Amino acid sequence: MERVVITARLKEGSEERARELIAAGPPFDPGQAGLTHHGVYLGTDVVVFVFEGEGVAGRLSQLVNDRLSSASFSAWAPLLAEQPRLAHEAYHWDSKEDTMKKILIATDGSESALEALEFGLELAEEQDATAYLVHVAPAVEVVPYANFAAPAPRVPHELDEYDRVPLTEAAEIAARKGVDAKTELLVGNPADEIVAFGDTIDADLIVVGSRGHGAIASALLGSVSRAVLHESRRPVLVVRAARVAAEAAVI
């Protein structure tokens with residue numbers, strides 16, 4: 001199952017018209033479009049469009065580029081205060097309820113993690129859910145070693161105040177948004193710890209970024225996001241630092 005999520009902020013005073021559009025239903029038949037689900041959710045100042053199905057990214061492109069359906073989507077354009085943002089990845093979805101109560105957001109303080117944090121908090125606010133903010137610190141550290149012929153020695157990592165910085169910053173952002181948030185500092189393999197903690201709290205959704213700090217860390221966090229997708233049986237959303245192209249902003 002794949003899911004594409006598009007979110008945008010609404011212009012002030014446009015909520016009533018947005019509710020009318022939602023009540024009117026989608027401007028196309030989701031089944032005929034090859035989708036298993038399409039939903040639109042309205043928050044205090046944000047609208048979230050959800051598209052689910054196999055190969056949904058390609059199907060969504062067809063919908064947007066179709067002359068008839070794009071004309072219907074354009075009804076949203078005057079209501080939006082910004083270009084819609086795209087966050088998507090193939091991920092597992094087996095939700096039994098329409099609302100979420102617990103959203104797990106992983107952060108490492110990077111720009112990509114901030115994108116994920118902002119999006120996750122928007123969803124938490126819209127769903128009136130509790131945001132669980134987690135950061136995974138390493139269990140061991142590699143000690144600089146001059147002998148390149150031998151493996152560098154490893155020592156246990158001792159937690160300090162720097163390990164809590166990403167959580168402190170994330171909690172401050174959540175507080176400013178008025179979102180109920182809890183923080184948890186984890187230690188170990190990032191993907192394993194994120195998935196396990198999600199199971200522990202029975203999370204309705206896990207939100208992670210697609211990249212981290214620097215070239216090496218970026219590759220690492222990319223692998224972490226993929227590992228979470230593969231290991232978790234819960235819904236997992238990988239937020240990409242990308243925006244929908246202007247020609248696709250008719251949604």
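Buried means under 20% relative accessible area, exposed means over 50%, and partly exposed is what lies in between. I put that at the top because I lean on it for Asp 202, whose 46% relative accessibility counts as partly exposed. I also note that this is a predicted model.

**Entry 1: overview**

I began with the whole protein chain, which has seven helices and twelve strands. Of its 251 residues, 44% are buried. I then looked at contacts with a sequence separation of 6 or more, and found that 77% of them join residues 24 or more positions apart.

**Entry 2: the open sheet**

Next I traced a sheet of five strands. I read the order as 9-6-5-10-11, in an open sheet with parallel pairing. Strand 9 (181-187) and strand 11 (236-239) are at the edges with a single partner strand each, so one side of each has no neighbour in the sheet. From one strand to the next, the twist averages 25°.

I zoomed in on one pair here. Strand 5 (residues 102-106) and strand 6 (residues 130-137) run parallel and are joined by five bridges. What lies across these strands? I found helix 4 (residues 111-127) across strand 5, strand 6, strand 10 (205-209) and strand 11. Helix 4 runs at about 170° to strand 5.

**Entry 3: Thr 130**

I picked Thr 130 in strand 6 for a closer look. Opposite it stands Lys 102. Is Thr 130 buried or exposed? Its relative accessible area is 16%, and buried means under 20%, so Thr 130 counts as buried.

I checked its surroundings too. Leaving out residues up to four places away in sequence, Thr 130 touches Lys 101, Lys 102, Ile 103, Asp 180 and Lys 182. With Asp 180 there is a polar contact, side chain to side chain, at 3.2 Å.

**Entry 4: Thr 183**

I moved on to strand 9, where Thr 183 is placed. Thr 183 is partly exposed, with a relative accessible area of 41%. Beyond its neighbours within four places in sequence, Thr 183 is in contact with Leu 133, Leu 167 and Ala 171. I looked up the C-alpha to C-alpha distance to Ala 171 as well: the two residues are 7.2 Å apart in space and twelve residues apart in sequence.

**Entry 5: helix 6, end to end**

Helix 6 (residues 190-201) was next on my list. Its twelve residues reach 17 Å from first C-alpha to last, close to the 16 Å expected at 1.5 Å a residue. Which residues of helix 6 are buried? I noted Ala 191, Ile 194, Val 195, Phe 197, Gly 198 and Ile 201. Looking down the axis, I see these buried residues within an arc of 165°, so they line one face of helix 6.

I looked at both ends as well. At the N-terminal end, Asn 189 caps helix 6, with a side-chain oxygen 3.2 Å from the backbone nitrogen of Ala 191. Just after helix 6 comes Asp 202, with a positive phi of about 60°.

**Entry 6: two aspartates with positive phi**

Asp 202 made me look up Asp 128 alongside it. Asp 202 sits in the loop between helix 6 and strand 10, and Asp 128 lies in the loop between helix 4 and strand 6. The phi of Asp 128 is near 55°, a positive value in a residue other than glycine. The phi of Asp 202, near 60°, is likewise positive in a residue other than glycine.

Where do they stand on accessibility? Asp 128 has 66% relative accessibility, and exposed means over 50%, so Asp 128 counts as exposed. Asp 202, at 46%, counts as partly exposed.

**Entry 7: strand 3**

I finished with strand 3 (residues 46-53), where eight of its eight residues are buried. In a regular strand, side chains alternate between the two faces of the sheet. I therefore listed each side of strand 3 separately, and both faces are covered. Val 46, Val 48, Val 50 and Glu 52 are buried on one side. On the other side, Val 47, Phe 49, Phe 51 and Gly 53 are buried.

Which way do strand 2 and strand 3 pair, parallel or antiparallel? Strand 2 (residues 37-42) pairs with strand 3 in the antiparallel sense, over six bridges. I looked up the bridge partner of Val 40 too, and in strand 3 that is Phe 49.

Note on methods. Residues are numbered from 1 along each chain as its sequence is written. This is a predicted model: local features need pLDDT of at least 70, side-chain atom pairs count only at pLDDT 80 or more; totals for chains, interfaces and linings use all residues. Side-chain values use heavy atoms; hydrogens and water are left out. Helices (H or I, at least four residues) and strands (E, at least two) are DSSP runs, numbered from the N terminus. The expected span of a helix is 1.5 Å times one less than its number of residues. Buried means under 20% relative accessible area, exposed over 50%, partly exposed in between (1.4 Å probe, protein chains only). The arc is that of the directions from the helix axis to the C-beta atoms. A polar contact is a pair of N or O atoms within 3.5 Å; within protein, one must be able to donate a hydrogen and the other to accept it, and residues adjacent in sequence count only if both atoms are side-chain atoms. Two strands pair if DSSP finds at least two bridges between them. Axes are lines fitted to C-alpha atoms, for helices over the stretch in contact, and angles run from 0 to 180 degrees between N-to-C directions. Contact means heavy atoms within 4.5 Å.
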